[in-house]
Each structure stands twice: as C-alpha cells, then as structure tokens.
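My notebook is open, and today I am looking up rings and strands. Here is what I have in front of me.

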Amino acid sequence: SPTYKIAEDNVPALPDQLLVCGECRKRFAESFLWCNFDLSVCDTCRDPNEKHSFITKTEVKQRFLLKDCDFEERCGPPLKYLVKRNPHSYGDMKLYLQCQVEARALEIWGGSEGLEDERQKRTEAKEKRQETKYVKSIKELRRAVNLTGLQSSRIHEHVYAAGQDVYDSGTDLWIKTCSVCGYQVTFEK
C-alpha cells in the first residue's frame with residue numbers, strides 16, 4: 001500500500017482562520033511580522049523604517065535601559081528576535097522589533113515619564129561616580145607631590161666634619177654632629 005505525505009504548508013487558510021491586520025483591519029494568511037514576532041500586521045502595512053524597525057540588543061540596553069532579565073519572562077513572554085551576522089565582528093547579533101521593545105520598556109518603567117526619570121537618575125549617578133573618581137585621583141596626585149616635596153626638603157645626606165668627633169666619657173661613646181641639620185650619631189671607636 002502506498003504512503004502519502006500531506007503537505008500542510010501549502011494548504012490555503014480558511015476565511016475564518018485568517019488573521020486580522022492591526023493597522024488596516026484587513027484579513028491576511030501570513031506575514032513576516034506574524035511569523036517571526038507574533039505581531040498581527042500584514043506585509044503591506046509593515047513600516048520597516050519607523051514603527052517596525054529592528055534594534056540591536058546593545059542599543060535596546062542603552063536607549064530603553066533594559067537588563068538581560070527584561071528580555072526574558074520578567075514582564076510577560078520573552079521578546080522574540082532575529083539572529084543576523086554582525087557586520088562589525090565575527091559573532092551574531094540579536095535584532096528585536098522596536099515597537100515590542102518600546103512596549104516592554106514602558107511596561108517596566110511605568111510609562112515614558114518613568115523611563116525619563118530612570119535615565120536622569122542614571123546620568124546623575126554616573127556623573128557622581130566620575131566626580132568621585134576625579135577627586136580621588138586629585139587627592140592621590142597631591143599626596144604624591146607632597147611626599148616628594150617633603151622627601152626632598154627633609155631628607156638629605158648628613159655632612160660630618162672630619163675631626164669634629166666628641167668623646168662622651170659618661171657613656172663611653174663618641175658623638176659626631178651633622179654640620180647641616182645638627183643630627184647626632186653616637187658610635188664606639
């Protein structure tokens with residue numbers, strides 16, 4: 001008995017199974033955004049330059065202040081992405097749909113005001129860290145300059161005049177005195 005293989009991919013969708021475009025409200029069977037991102041938008045309404053543009057994970061983290069856990073199941077289903085070859089390095093890059101990323105960021109930060117507040121807070125914290133680092137480096141520089149200045153002004157080679165040794169009979173020691181600073185050294189002969 002012959003076996004038959006049924007090809008389900010080529011079967012046209014029934015009218016009641018068609019998807020409805022979120023932009024134009026027309027019915028469609030398949031679209032790029034639906035297949036890759038579960039976004040109900042037909043290919044004719046897709047705007048690849050604005051609303052439906054792609055954004056890299058690095059850019060998402062910078063612009064929308066999302067962390068790695070925000071891409072996963074923190075606030076809903078994981079964000080879908082496309083994997084493309086990175087033109088700047090040998091690795092691959094993840095491309096997310098900008099409208100989905102914006103929605104996730106607004107959900108996490110509680111709206112655009114919350115996102116702006118967090119940006120401002122992070123900018124202030126970064127400036128404070130840089131200022132603290134600058135003040136610390138200035139203090140270290142001053143300390144280093146002061147130490148070298150003190151060393152050069154305080155430490156010198158003692159100069160002892162020949163034949164100026166004095167004998168102390170009470171301790172049975174000899175004493176010689178520096179002619180520059182008056183430092184005294186006791187020794188035995």
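**Entry 1: phenylalanine 32 and its partner.** I started with phenylalanine 32, asking how exposed this residue is. Its relative accessible area is 28%, so I noted it as partly exposed. I should say early that this is a predicted model.

Next I looked at the aromatic pairs, and the structure holds five of them. In one of these, phenylalanine 32 meets phenylalanine 54 edge-to-face, with 6.3 Å from centre to centre and 75° between the planes. The two partners come from distant parts of the chain, 22 residues apart: phenylalanine 32 belongs to helix H1 (residues 32-37) and phenylalanine 54 to strand S3 (residues 54-56). Phenylalanine 54 is partly exposed too, at 31% relative accessible area. I also wrote down that Phe32, Phe37 and Phe54 make up one aromatic cluster.

**Entry 2: a tilted pair.** How are the rings of phenylalanine 71 and tyrosine 96 placed? Their centres are 4.9 Å apart and their planes stand at 40°; the angle is neither under 30 degrees nor over 60, so the pair counts as tilted. This pair also links distant parts of the chain, with phenylalanine 71 in helix H3 (residues 68-71) and tyrosine 96 in strand S5 (residues 92-97), 25 residues apart.

Buried or exposed, I wondered about phenylalanine 71? It is buried, with a relative accessible area of 1%. Tyrosine 96 is buried as well, at 2%.

**Entry 3: charges over rings.** I found the charged end of lysine 57 over the ring of phenylalanine 71, 4.9 Å from the ring centre. Elsewhere, lysine 176 lies over the face of tyrosine 160, at 4.6 Å from the centre of that ring.

**Entry 4: the sheet.** Then I followed the strands. Three of them form an open sheet in the order S3-S5-S4, and the pairing is antiparallel. Why does one side of S3 and of S4 (81-85) have no neighbour in the sheet? Both stand at the edges with a single partner strand each, so one side is left free of a neighbour there. On average, neighbouring strands of this sheet are turned by 40° against each other, direction ignored.

I zoomed in on S4 and S5, which run antiparallel and are joined by five bridges. Arginine 85 stands opposite aspartate 92, a residue of S5.

**Entry 5: helices across the strands.** Last, I checked what lies across S3 and S5. Helix H2 (residues 57-64) does, running at about 85° to S3. Helix H4 (residues 98-109) lies across S3 and S5 too, at about 75° to S5.

How values were computed: Residues numbered from 1 in each chain as written. Predicted model: local features only at pLDDT ≥ 70, side-chain atom pairs only at ≥ 80, totals over all residues. Heavy atoms only, no water. Phe/Tyr/Trp six-rings, centres within 6.5 Å; stacked < 30°, edge-to-face > 60°. Helix = DSSP H or I, 4+ residues; strand = E, 2+ residues; numbered from the N terminus. Buried < 20%, exposed > 50% of the residue type's maximum accessible area, 1.4 Å probe, protein only. Lys NZ or Arg CZ within 6 Å of the ring centre and 35° of its normal. Pairing = 2+ DSSP bridges. Axes fitted to C-alpha atoms, helices over the stretch in contact; angles between N-to-C directions. Contact = heavy atoms within 4.5 Å.
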